[in-house]
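This report goes through selected local features of one structure, residue by residue and helix by helix. The sequence and structure come first.

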Amino acid sequence: MRPKKRFDGIAVLNATVLILVSLLCILPLIHIIAVSFSSSAAASAGYVRLWPVDFTFASYMYTMSRTEFWQSMLVSLTRIGIGTPLNLLLTILVAYPLSKESHALRFRSVYAWAFFVTMLFNGGLIPWYTTLKEYGLLDSIWALVLPGAVPVFSVVLLLNFFREIPKELEEAALIDGAGHFRTVWSIFVPISKPALATLALFSMVEHWNSWFDGLLLMGNPANYPLQSYIQTIVIQQNLSNMSRDAMLDLALISDRTLKSSQIFLGSLPIILAYPFLQKYFVKGIVLGSVKG
């Protein structure tokens with residue numbers, strides 16, 4: 001006879017908690033999508049819950065018909081295309097030497113603290129802006145990319161991951177004549193795909209969601225990233241650059257439906273990118289890489 005399966009209360013509790021947390025994350029997004037596809041009257045009256053009322057594409061048609069929206073979208077995509085690879089490259093080059101012991105890298109602690117202090121203190125907003133201005137970076141894509149080129153938090157995560165890689169792999173590579181650069185790109189980077197995928201997602205989300213630096217560093221609204229553009233329309237209600245026809249179209253759209261469509265379109269690229277990176281979010285890829 002097969003033994004009866006015992007009731008696993010811990011598993012049921014974990015599943016219940018995870019389902020509740022998932023609902024807390026998913027339901028607000030579903031509500032936003034429902035509002036964005038609803039009529040202005042239904043959204044303003046508060047009739048919309050989890051399903052659109054008086055289904056319409058008016059908010060999306062208005063948003064996507066504006067040239068400024070696509071210009072800001074292109075700026076954000078360019079920022080991610082440049083910023084994310086640059087973040088990963090510099091993170092790898094900084095994390096690898098800092099992951100070594102003190103006898104392998106002199107003054108390692110000094111270097112580590114020099115990076116760590118920047119997580120706690122900064123020079124202030126005015127010196128930051130003045131520095132970028134003196135370097136002639138204002139109103140360019142580099143003003144959005146270079147100030148955060150070395151994400152220290154990502155460096156800390158990656159150097160701790162590098163420390164967990166068996167030293168036998170590096171020693172074998174050095175014995176075979178490989179230098180440090182060859183060791184990094186041939187051994188450490190391939191093994192660290194889960195960590196690098198996670199850091200890439202962090203970098204993409206950071207670049208995509210950032211709006212404050214765009215407002216400060218971009219004098220020309222045509223150079224705004226998407227989130228800065230959305231902030232000027234949704235929060236500041238800056239309509240000075242709108243044509244008369246655009247203002248008439250905006251009058252037919254509820255403020256709630258417009259905000260919801262902007263929020264959903266702003267989060268859509270990250271939602272689409274996550275499934276391709278999610279498969280790397282696993283642990284233990286190093287296990288079994290060294291045979292004992």
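## Serine 36

In this predicted model, the side chain of serine 36 reaches the backbone oxygen of isoleucine 33 at 2.6 Å. Serine 36 belongs to helix H1, which spans residues 9–36. Its relative accessible area is 0%, so serine 36 is buried.

Which residues is serine 36 in contact with, leaving aside its neighbours within four places in sequence? They are Thr56, Ser59, Tyr60, Thr257, Ser260 and Ser261. Of these, Tyr60 also takes part in an aromatic cluster, described further below.

## Serine 203

Serine 203 sits in helix H11, residues 193–209. Its relative accessibility is 8%, and serine 203 therefore counts as buried, the limit being under 20%.

The side chain of serine 203 makes a polar contact of 2.6 Å with the side chain of asparagine 87. Not counting residues up to four places away in sequence, serine 203 touches Asn87 along with Gly83 and Thr84.

## Histidine 180

Histidine 180 is part of helix H10. Is histidine 180 buried or exposed? With 47% relative accessibility it falls in between and counts as partly exposed.

Once neighbours within four places in sequence are left aside, histidine 180 is in contact with Tyr96 and Glu170. The side chains of histidine 180 and tyrosine 96 are joined by a polar contact of 2.9 Å. Glutamate 170 is ten residues from histidine 180 in sequence, and the C-alpha atoms of the two are 8.9 Å apart in space.

## Helices H9 and H10

Histidine 180 and glutamate 170 also appear in the contact between two helices. The axes of H9 (residues 167–175) and H10 come within 10 Å and cross at roughly 145°. The crossing of H9 and H10 is right-handed.

On the H9 side, the residues in contact are Leu169, Glu170, Ala173 and Leu174. On the H10 side they are His180, Thr183, Ile187, Phe188 and Ile191. By type, the residues of this contact divide into six nonpolar, two polar and one charged.

## Aromatic pairs

A pair of aromatic rings is described by the distance of the centres and the angle of the planes. How many aromatic pairs does the structure hold? There are ten. One of them is formed by phenylalanine 162 and phenylalanine 188, which meet edge-to-face at 5.1 Å centre to centre, with 90° between the planes. Phenylalanine 162 lies in helix H8 (residues 152–163) and phenylalanine 188 in helix H10 (residues 180–191), so this pair ties together parts 26 residues apart in sequence. Phenylalanine 162 counts as buried at 4% relative accessibility, and phenylalanine 188 is buried as well, with a relative accessible area of 3%. Phe188 is also one of the H10 residues that meet H9.

Tryptophan 211 and phenylalanine 212 form another edge-to-face pair, at 5.7 Å centre to centre and 85° between the planes. Tryptophan 211 counts as partly exposed at 35% relative accessibility. Phenylalanine 212 is partly exposed too, its relative accessible area being 42%. Elsewhere, Phe37, Phe55, Phe57, Tyr60 and Phe264 form one aromatic cluster.

## Two aspartates with positive phi

Aspartate 54 has a positive phi of about 55°, although it is not a glycine. Where is aspartate 54 placed? It is in the loop between helix H2 (40–45) and helix H3 (58–64). At 53% relative accessibility, aspartate 54 counts as exposed, because the limit is over 50%.

Aspartate 139, likewise not a glycine, has a positive phi of about 65°. Its loop lies between helix H6 (125–134) and helix H7 (142–145). Aspartate 139 counts as partly exposed, with 34% relative accessibility.

## The chain as a whole

The protein chain contains 15 helices and zero strands. Of its 292 residues, 35% count as buried. Serine 36, serine 203, phenylalanine 162 and phenylalanine 188 are among the buried residues.

Among contacts in the protein chain with a separation of 6 or more, 71% are between residues 24 or more positions apart. The pair of phenylalanine 162 and phenylalanine 188, with its parts 26 residues apart in sequence, spans a separation of that kind.

How values were computed
Residues are numbered from 1 along each chain as its sequence is written. This is a predicted model: local features need pLDDT of at least 70, side-chain atom pairs count only at pLDDT 80 or more; totals for chains, interfaces and linings use all residues. Side-chain values use heavy atoms; hydrogens and water are left out. Rings of Phe, Tyr and Trp (its six-membered ring) pair if their centres lie within 6.5 Å; planes under 30 degrees apart count as stacked, over 60 as edge-to-face and the rest as tilted. Helices (H or I, at least four residues) and strands (E, at least two) are DSSP runs, numbered from the N terminus. Buried means under 20% relative accessible area, exposed over 50%, partly exposed in between (1.4 Å probe, protein chains only). Axes are lines fitted to C-alpha atoms, for helices over the stretch in contact, and angles run from 0 to 180 degrees between N-to-C directions. A crossing is left-handed if the near helix is turned anticlockwise from the far one by less than a right angle, and right-handed if clockwise. Contact means heavy atoms within 4.5 Å. Ala, Val, Leu, Ile, Met, Phe, Trp, Tyr, Cys and Pro count as nonpolar, Asp, Glu, Lys and Arg as charged, and the others, Gly among them, as polar. A polar contact is a pair of N or O atoms within 3.5 Å; within protein, one must be able to donate a hydrogen and the other to accept it, and residues adjacent in sequence count only if both atoms are side-chain atoms.
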